[in-house]
Amino acid sequence: MQKVFLIYNPASGAKKEKRALAIAQVLAVLQGAGVQAEAVATTHAGSATAQTEQAMTSGFDTVLACGGDGTVNEVLNGLVRSGSQAALGVIPLGSGNLLATDLLLPHRPEAAARLLLRYKPRAIRPGMIRYQSKEGPVERYLIVAAGVGSDAELMYRTAVEEKERFGMYAYFLEMIRMAVRRKFSTFNVEWLDAEENFHTERVTLIMGIRAKKFPGVLRGMRLGSELIRNDYRLMLFKTDKVRHFLHYFVSVASGLNWKVPHVDLAFSKRFRCTPLDSEKPESIHCECDGELLGTLPVEVSIEDKTFNLLMPG
């Protein structure tokens, strides 16, 4: 790590004054270690992708995404699309820090920066999600997770103000509201299992997970997923009953991870979601790395190319 480009989201997680202090602390840690570092703020949603692409033409060997999983995702897309072999590192400053948790990074930015100085780059195959936007089909790289159905609907309905105030717990508040409304749309999903057997189901939620460790109340969750695996751990909810969702949440939050009826797990490198004849495609949303994207049809896969991620040695 010799020349580092820091990109941070001034609207992510902590309040503005704390974010400015955090970036100053990270720069101090890096510069104190003899690293040449430059920090740039994002200007609007999606700007981190273009800013990262531009920075990679200037000879940086490392880019640090300072924010939540959404900021990391934008930086990842800029890094992969630039074709750069620079390493991607994470400074957790967001309301959701799933990747940072998985990488065993502490919440304090300066402590995370010190640890990243000892981390080593490792080649990881990114995920890819293809979905429908208002402008047409879109492709986007991802790292830790993609979801279709009630998971994305949860993000669609969670207000920005609540995320700023309550962090990841804002999603649990909205989950309760959705449970009271009892409305979960059903759609088709097709996937190949680890033995290349074809499956098709009707579900209200599918998630493809690559993280091994989870933050907050989900820290006891054990799925068998891992970033260094070249597949997803699928969670398939074949139910629209609120009690099954709550049952599964208690199962993983307790750390006991018992089997829940109508919730299946599988490993797969690819899955595809399409609407039922009775459902409008635009009514069912998708997300990746904690960011709401578009609607059906959706296809999620693992790419053959790689990027370099700073990980524990």
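The legends below describe close-up views of a predicted model. Local features need pLDDT of at least 70 and side-chain atom pairs pLDDT 80 or more, whereas totals for chains, interfaces and linings use all residues. Residues are numbered from 1 along each chain as its sequence is written, and side-chain values use heavy atoms, leaving out hydrogens and water.

**View 1. An open sheet of six strands with mixed pairing.** The strand order is 2-1-3-4-17-5. Strand 2 (36-41) and strand 5 (120-124) form the edges, each pairing on one side only. Strands are DSSP runs (E, at least two residues) and helices likewise (H or I, at least four), numbered from the N terminus; two strands pair if DSSP finds at least two bridges between them. Neighbouring strands are turned by 30° against each other on average, direction ignored.

**View 2. The parallel pairing of strand 1 and strand 3.** Five bridges join strand 1 (residues 3-8) to strand 3 (residues 62-67). Among the residues involved, Ile 7 has Ala 65 of strand 3 as its bridge partner.

**View 3. Helix 1 (residues 16-32) packed on the sheet.** Helix 1 touches strand 1, strand 2, strand 3 and strand 4 (87-92), where contact means heavy atoms within 4.5 Å. The direction of helix 1 makes about 165° with that of strand 2. Axes are lines fitted to C-alpha atoms, for helices over the stretch in contact, and angles run from 0 to 180 degrees between N-to-C directions.

**View 4. Helix 3 (residues 69-82) across four named strands: strand 1, strand 3, strand 4 and strand 17 (307-311).** Helix 3 runs at about 155° to strand 3.

**View 5. Trp 258 in a loop.** The loop containing Trp 258 lies between helix 9 (242-253) and strand 13 (263-268). Trp 258 counts as partly exposed because its relative accessibility is 32%; buried means under 20% relative accessible area, exposed over 50%, and partly exposed in between (1.4 Å probe, protein chains only).
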